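Trainee: I would like a close look at a single part of this model rather than a tour of everything. Please take the part where the strands come together, and go through it step by step.

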Amino acid sequence: HPEAVRRLGTKDVLYDTRHLPFGSDVHRIASPAQLAAELPQRLAAGPRVLKQHRGHSGIGVWRVESAGPDRLRVRHAQRGSTTQVMD
């Protein structure tokens, strides 16, 4: 149930453990405005994986990379998805 996932904070575990030896380069985005402001500088360092707060089996997970000025190359992780280039 979505409320159980929110309470457990399953995606938040990745963020909360980012500084531990097994952690990784994880950032938490709280709003679309924050995403718009911070994503371009993060993409300058290479592709990023974006995950929504809940999902499973690749649903709500995207690989995003720069495809030129103001363009993104995006691929949804769900099986059968294709890469899209978008503004």
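Mentor: Two strands count as paired if DSSP finds at least two bridges between them. With that criterion in hand, the sheet can be followed strand by strand. Keep in mind throughout that this is a predicted model.

First, the setting. The chain has three helices and four strands, and along the sequence these follow the pattern α-α-α-β-β-β-β. Of the 87 residues in the chain, 18% are buried. Among contacts between residues at least 6 apart in sequence, 14% join residues at least 24 apart.

The four strands form an open sheet in the order β1-β2-β3-β4, with antiparallel pairing. Its edge strands are β1 and β4, the latter covering residues 84–86, and each of the two pairs on one side only. On average, neighbouring strands of this sheet are turned by 30° against each other, with direction ignored.

Now the pairs in turn. β1 and β2 run antiparallel and are joined by four bridges. One contact point to locate on the display is Lys51, whose bridge partner in β2 is Val61.

The next pair is β2, residues 61–66, with β3, residues 72–76; they are antiparallel and share five bridges. Two positions show the register: Ser66 stands opposite Leu72 in β3, and Glu65 stands opposite Arg73 in β3.

The turn between these two strands deserves a separate look. The hairpin of β2 and β3 has five residues between the strands, and Gly68 there takes a positive phi near 120°. Asp70 lies in the loop between β2 and β3 as well. Its phi is near 60°, which is a positive value in a residue other than glycine. For comparison, most residues other than glycine have a negative phi. Asp70 counts as exposed because its relative accessibility is 70%, where the cut-off for exposed is over 50%.

The last pair is β3 with β4, antiparallel over three bridges. Here Arg73 comes up again: this residue of strand β3 has Val85 as its bridge partner in β4. Arg73 therefore has a partner listed on each side, Glu65 opposite it and Val85 in β4. Leaving aside neighbours within four places in sequence, Arg73 is in contact with Arg63, Val64, Glu65, Ser66, Ala67, Thr83, Gln84 and Val85. The C-alpha atoms of Arg73 and Asp87 are separated by 9.0 Å, although the two residues are 14 apart along the chain. As for solvent, Arg73 has 33% relative accessibility, so it counts as partly exposed; that class runs between the 20% and 50% cut-offs.

What lies over the sheet? Helix α3 lies across β1, β2 and β3, running at about 65° to β2. α3 covers residues 32–43, and the loop between it and α2 (12–16) holds Thr17. Thr17 is buried, because its relative accessible area is 16%, below the 20% limit. Not counting residues up to four places away in sequence, Thr17 touches Phe22 and Gly23.

Finally, the sheet has a share in the largest pocket, which has a volume of about 690 Å³. The elements that give two or more residues to its lining are α2, α3 and β1 (48–51). Edge strand β1 gives the most, with four residues. In total 22 residues line the pocket, and those nearest its centre are His27, Ile29, Val49, Leu50 and Lys51. By class, the lining has ten nonpolar, five polar and seven charged residues. Lys51 thus belongs in two parts of this account, as the partner of Val61 across the β1 and β2 pairing and as one of the residues nearest the centre of the largest pocket.

Technical notes. Residues are numbered from 1 along each chain as its sequence is written. This is a predicted model: local features need pLDDT of at least 70, side-chain atom pairs count only at pLDDT 80 or more; totals for chains, interfaces and linings use all residues. Side-chain values use heavy atoms; hydrogens and water are left out. Buried means under 20% relative accessible area, exposed over 50%, partly exposed in between (1.4 Å probe, protein chains only). Contact means heavy atoms within 4.5 Å. On a 1 Å grid over the protein atoms alone, a cavity is a set of points where a 1.4 Å probe fits but cannot get out, and a pocket is an open set with protein on both sides within 12 Å along at least five of seven lines; lining residues have an atom within 4 Å of a point. Grid points are joined across faces, edges and corners, and a volume is the space filled by probe spheres set on the points. Ala, Val, Leu, Ile, Met, Phe, Trp, Tyr, Cys and Pro count as nonpolar, Asp, Glu, Lys and Arg as charged, and the others, Gly among them, as polar. Axes are lines fitted to C-alpha atoms, for helices over the stretch in contact, and angles run from 0 to 180 degrees between N-to-C directions.
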